[in-house]
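Colleague: I should like to understand how the descriptive terms applied to this structure are justified. Could we take them in turn?

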Amino acid sequence: MKYLFASDLHGSRAAAEAVLARFEAEKADRLILLGDLLYHGPRNPLPESYDPKTVAELLNALPVKPFAVRGNCDAEIDQMVLDFPIMADYMLLPLANGAGAFITHGHLFNLASPPPYRQGDVLIHGHTHVHTVETVNGLTYINPGSAALPKEGQEKSYMTMDWGAGHFDIKA
């Protein structure tokens with residue numbers, strides 16, 4: 001099963017369209033959204049093609065609804081215009097090797113405040129807008145970066161993961 005992870009769209013129609021084009025091109029089975037979908041947030045600049053209404057329409061039109069978690073910029077009003085749940089703080093998915101993936105936005109659980117885990121587990125979150133992979137104390141941390149507002153000079157990015165093989169790839 002192949003998943004495409006994207007984070008921090010922040011209402012950018014251009015970012016949503018790019019992610020959905022990659023979803024189709026990658027022939028992914030499921031889209032997993034790591035929060036901050038519609039609102040740009042008061043600390044962020046307006047992203048390119050800021051159009052949260054169209055972003056909601058694009059995501060709602062998907063034939064297979066995405067899995068999603070709540071970001072710090074997501075609110076109940078966002079949930080009212082989306083046809084799939086976004087208000088969970090995290091989700092858990094089993095990995096092929098017996099480990100688990102804790103999937104969240106990153107503002108509540110992160111390397112500084114990790115979720116309960118065991119050696120070999122994976123923490124996947126966005127929030128920082130910086131793609132990275134590192135292992136700390138037996139926990140592998142993966143961040144696909146931001147599809148709309150990358151930081152630290154990085155390019156817009158997303159991540160694919162072949163769940164069966166446990167292989168992931170961050171792409172700009």
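Modeller: The discussion below concerns a predicted model, and it sets terms against their cut-offs.

Colleague: Why are helices H1 and H2 called roughly parallel to each other?

Modeller: Helix H1 (residues 13-26) and helix H2 (residues 52-60) pack at an angle of about 20 degrees, and their axes are 9 Å apart. Angles under 35 degrees count as roughly parallel, and H1 and H2 are therefore described in that way. In addition, the crossing of H1 past H2 is left-handed.

Colleague: Which residues make the contact between H1 and H2?

Modeller: H1 contributes Arg13, Ala16, Glu17 and Leu20, while H2 contributes Thr54, Val55, Leu58 and Leu59. Sorted by class, this contact comprises five nonpolar, one polar and two charged residues.

Colleague: What makes the aromatic pair of Tyr90 and Phe109 edge-to-face?

Modeller: Three aromatic pairs are found in a search of the whole structure. In the pair of Tyr90 and Phe109, the ring centres are 6.0 Å apart and the planes make 85 degrees. Rings pair if their centres lie within 6.5 Å, and planes over 60 degrees apart count as edge-to-face; the values for Tyr90 and Phe109 meet both conditions, so the pair is edge-to-face.

Colleague: Where in the chain do Tyr90 and Phe109 lie?

Modeller: Tyr90 belongs to strand S4, whereas Phe109 is in the loop between strand S5 (100-104) and strand S6 (122-125). The two residues are 19 apart, and their pair links distant parts of the chain.

Colleague: What makes S4 and S7 edge strands?

Modeller: Five strands form an open sheet with mixed pairing, in the order S4-S5-S6-S8-S7. Strand S4 (90-94) and strand S7 (132-136) each pair on one side only. Averaged over this sheet, neighbouring strands are turned by 20 degrees against each other, direction ignored.

Colleague: How do you know that S7 and S8 pair?

Modeller: Two strands pair if there are at least two bridges between them. S7 and strand S8 (residues 139-143) share five bridges in the antiparallel sense, so the condition is met. Thr132, for example, stands opposite Asn143 in S8.

Colleague: Which strands form the other open sheet, in the order that begins with S3?

Modeller: Its order is S3-S2-S1-S9-S10, again with mixed pairing. Strand S3 (67-68) and strand S10 (167-171) are its edge strands. Strand S9 (residues 158-162) pairs with S10 in the antiparallel sense over five bridges, and Met161 has Phe168 in S10 as its bridge partner. H1 packs on this sheet, touching strand S1 (2-6), strand S2 (30-33), S9 and S10.

Key
Residues numbered from 1 in each chain as written. Predicted model: local features only at pLDDT ≥ 70, side-chain atom pairs only at ≥ 80, totals over all residues. Heavy atoms only, no water. Helix = DSSP H or I, 4+ residues; strand = E, 2+ residues; numbered from the N terminus. Axes fitted to C-alpha atoms, helices over the stretch in contact; angles between N-to-C directions. Parallel < 35°, antiparallel > 145°, perpendicular 65-115°, else oblique. Left-handed = near helix turned anticlockwise from the far one by under 90°. Contact = heavy atoms within 4.5 Å. Nonpolar A, V, L, I, M, F, W, Y, C, P; charged D, E, K, R; others polar. Phe/Tyr/Trp six-rings, centres within 6.5 Å; stacked < 30°, edge-to-face > 60°.
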